[in-house]
Amino acid sequence: MSAAALEVAVDVADPAWQAAVPGLEGLVERAALAALAEAGAPDGPAELAVRLTDDAELQALNRQYRGKDRPTNVLSFPGDADDALPGEPAPLGDLALAYGTVAREASEQGKSLADHLSHLIVHGTLHVLGYDHETEAEAAEMEALEVRILSGFGIADPYLLGPAAEAAAGFLKEA
């Protein structure tokens with residue numbers, strides 16, 4: 001799929017995102033497009049919807065869809081190409097990210113918020129494309145792909161962390 005064939009719709013529901021991440025929409029779009037270019041996306045026009053919101057909304061979504069009554073950093077919802085209206089892009093999927101959780105994790109892990117957000121956009125986009133990390137083999141494949149994509153942005157391997165950050169990084173294993 002070419003970059004022109006993918007639309008990335010960014011909905012900023014929590015203004016804290018705009019204040020904290022310069023060039024927010026461009027960063028989200030670049031990370032999603034890089035993941036799609038590296039992982040291979042479906043043929044034809046498609047749309048990825050990204051909602052940048054707060055912990056309360058992510059907690060409600062996490063409770064509703066995963067039975068976990070706590071906020072999380074990112075949730076991904078794969079789309080269904082059969083839901084596409086004639087002449088409209090196929091829904092690739094939806095991502096939702098919580099500002100408070102993502103900002104706290106970035107701080108705890110000694111990363112910039114922009115780099116951590118880029119990682120989570122790549123991670124979530126790979127999920128809507130069918131990648132997962134339920135088994136060690138799946139996790140190894142997905143993490144290697146994430147590292148390769150992020151290196152294209154000059155972002156260090158997010159899985160090579162110090163001991164304190166490793167404890168805080170358990171977040172991606174449950175995302």
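Which residues gather in a patch of negative charge on the surface? E7, E47, E88 and D94 do so, and they are the subject of the first of the close-up views below. The structure is a predicted model, in which local features need pLDDT of at least 70 and side-chain atom pairs count only at pLDDT 80 or more, whereas totals for chains, interfaces and linings use all residues. Residues are numbered from 1 along each chain as its sequence is written, and side-chain values use heavy atoms, with hydrogens and water left out.

**View A. A patch of negative charge on the surface is formed by E7, E47, E88 and D94.** Patches consist of residues with over 30% relative accessible area and no salt bridge, like charges being joined within 9 Å and nonpolar side chains (Val, Leu, Ile, Met, Phe, Trp, Tyr) within 5 Å. Asp and Glu count as negative, Lys and Arg as positive, and His and the chain ends are not counted. Each charge is placed at NZ of Lys, CZ of Arg, CG of Asp or CD of Glu. D94 belongs to strand β4 (residues 90-98); strands (E, at least two residues) and helices (H or I, at least four) are DSSP runs numbered from the N terminus. The relative accessible area of D94 is 39%, so this residue is partly exposed, the class between buried (under 20%) and exposed (over 50%), with a 1.4 Å probe and protein chains only. Areas were computed by the Shrake-Rupley method.

**View B. The rings of W17 and Y99 form an edge-to-face pair.** Rings of Phe, Tyr and Trp (its six-membered ring) pair if their centres lie within 6.5 Å; planes under 30 degrees apart count as stacked, over 60 as edge-to-face and the rest as tilted. The count by this rule is two aromatic pairs. For W17 and Y99 the centres are 5.2 Å apart and the planes stand at 80°. Because W17 lies in helix α1 (residues 16-20) and Y99 in helix α4 (residues 99-108), the pair ties together parts that are 82 residues apart in sequence. Both W17 and Y99 are buried. The buried residues of α4 include T101, V102, E105 and A106. After α4 comes G110, with a positive phi near 65°.

**View C. Y65 and F77 make up an edge-to-face pair.** Their ring centres are 5.1 Å apart and their planes at 70°. Y65 is in helix α3 (residues 55-66) and F77 in strand β3 (residues 74-78), so parts 12 residues apart in sequence are tied together. Y65 is exposed at 51% relative accessibility, while F77, at 22%, is partly exposed.

**View D. Salt bridges link D11, R51 and E57 in a network.** A salt bridge requires a side-chain nitrogen of Lys or Arg within 4 Å of a carboxyl oxygen of Asp or Glu, and five are counted by this rule. R51 meets D11 at 2.3 Å, N to O, and E57 at 2.6 Å. D11 in strand β1 (residues 6-12) and R51 in strand β2 (residues 46-53) are 40 residues apart. Partial exposure applies to D11 at 35%, R51 at 29% and E57 at 24%.

**View E. R148 and E38 are joined by a salt bridge.** Their closest N and O atoms are 2.6 Å apart. The bridge links helix α6 (residues 136-151), which holds R148, with helix α2 (residues 24-39), which holds E38, across 110 residues. R148 is partly exposed at 46% relative accessibility, and E38 is partly exposed at 38%.

Methods: Areas by Shrake-Rupley, 256 points an atom, 1.4 Å probe, with all protein chains shown as cover.
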